[in-house]
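Reader: I should like to learn how to read the main features of a model of this kind. Please give the general idea each time, and then the case at hand.

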Amino acid sequence: MLYKLFILRKKSGSTLLTNKKSMLYCGKQTNPSGFVCLLYFRRYDIMGLLNEIAEKLLKNFLSLKKDDWIEWIAQPNDWQDDCDKFNSCYFIVKQMPKYPQHPRCRCRLKKIAEPIPNITAKATCDIRKFTGYIFSDKYDDGKKELFESWGYTIEDSGYLQQLYISQAIQKYCDGQYQYVGVNDHSAKISITITLTNQNGVEQHINTIWKLGQKGTIDLIAPYSGHNY
Ligand SMILES: [Zn+2]
């Protein structure tokens, strides 16, 4: 189908194409005559090209299986989107952000090998998440009493730090995590940490981790609820 399009020359020398229904900015095209002129434009040439790009992205995505791992490669931009927060992050396909993130998203997914704990993936956990938060007297929110009722005190902070690190990196690499969105700077995942209390009963604690670049995770919240 043919559509009539007008080329309007702007003072800047760039050109606008319009068919009243849609307006397309076409950069610095030159119009030798310098006059408003009429041309015929096959609308589906552009639509076809856009569809082709979208399909290529989607096909690339659909060829991935849910247990495959990918590295998210973001195109740096100034747009108000979350794409940059995922740059160089490793996700298992079944727990990754929506892809593409938005129309005209130019992020790429690169298939990678499953990460290996402490080789191609690493977990970090600041001991102050326990000494200065869980077991701190500053917060009267019951966390300290809860952990103490399970048989852990501030003296166990180093033990808990190592236990969180070793369980979290193994579970992340096994794909046993949930993608839970973003904060101002990064993607977040939740991981269930299993603690055995003094009576031998297991507590399953929800924890939140920041997903960093190249298989790194860092503890944000050491406790966000638990199940028996
Ligand atoms: Zn994107």
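Author: Let us begin with the vocabulary of secondary structure: helices (H or I, at least four residues) and strands (E, at least two) are DSSP runs, numbered from the N terminus. This is a predicted model, in which local features need pLDDT of at least 70 and side-chain atom pairs count only at pLDDT 80 or more, while totals for chains, interfaces and linings use all residues. Residues are numbered from 1 along each chain as its sequence is written.

Reader: How many helices and strands does the protein chain have?

Author: The protein chain has 4 helices and 13 strands.

Reader: Which parts of the model call for caution?

Author: The guide is pLDDT, the predictor's confidence in each residue, from 0 to 100. Where pLDDT is low, the predicted coordinates should not be read in detail. In this protein chain the average pLDDT is 81, and 74% of the residues score at least 70. Over residues 1-41, however, pLDDT stays under 50. For that stretch the model has 46 contacts beyond four places in sequence, a contact being a pair of residues whose C-beta atoms, placed from the backbone, lie within 7 Å.

Reader: How should burial and long-range contacts be read across the chain?

Author: A residue is buried if 20 or more other C-beta atoms lie within 10 Å of its own, exposed if 12 or fewer, and partly exposed in between, with C-beta atoms placed from the backbone. By that count, buried residues make up 20% of the 228 residues in the protein chain. Among contacts with a separation of 6 or more, 53% join residues 24 or more positions apart.

Reader: How is strand pairing recognised?

Author: Strands of a sheet pair through backbone hydrogen bonds, either parallel or antiparallel. The criterion used here is that two strands pair if DSSP finds at least two bridges between them. One case is an open sheet of 3 strands in the order β6-β5-β7, with antiparallel pairing. Its edge strands are β6 and β7, each of which pairs on one side only. From one strand to the next, the twist averages 40 degrees, where axes are lines fitted to C-alpha atoms (for helices over the stretch in contact) and angles run from 0 to 180 degrees between N-to-C directions.

Reader: Which residues stand opposite each other in that sheet?

Author: Strand β5 (residues 69-73) pairs with β6 (residues 90-92) over 3 bridges. Across this pairing, I70 stands opposite F91, and E71 stands opposite Y90. On its other pairing, β5 is joined to β7 (residues 108-112) by 5 bridges, with W72 opposite L109.

Reader: Where does a hairpin occur, and how many residues lie between β9 and β10?

Author: β9 and β10 form a hairpin with 4 residues between them. The strands, β9 (residues 178-182) and β10 (residues 187-196), are antiparallel and share 4 bridges. A second hairpin joins β10 and β11, with 5 residues between them, and G200 in its turn has a positive phi of about 85 degrees. Here 10 bridges link β10 to β11 (residues 202-211). S190 of β10 is the bridge partner of Q178 and also of I208 in β11.

Reader: N197 lies in the loop between β10 and β11; why does N197 count as partly exposed?

Author: N197 counts as partly exposed because it has 14 C-beta neighbours inside 10 Å. Leaving aside residues up to four places away in sequence, N197 touches W150, G151 and Q203. Its C-alpha lies 8.0 Å from that of Y152, which is 45 residues away in sequence.

Reader: How is the span of a helix judged?

Author: The expected span is 1.5 Å times one less than the number of residues. Helix α4 (residues 157-173) has 17 residues and reaches 24 Å from its first C-alpha to its last, close to the 24 Å expected. Just after α4, G175 takes a positive phi of about 75 degrees.

Reader: What covers the buried residues of α4?

Author: The buried residues of α4 include L160, Y164, A168 and I169. Their cover includes β8 (122-124), α2 (128-134), β10, β11 and β12 (216-221). S166, also found in α4, counts as partly exposed because it has 14 C-beta neighbours inside 10 Å.

Reader: Is F147 in helix α3 buried or exposed?

Author: F147 counts as buried because it has 24 C-beta neighbours inside 10 Å. Beyond four places in sequence, F147 touches I134, F135 and Y152.

Notes:
Two residues are in contact if their C-beta atoms, placed from the backbone, lie within 7 Å.
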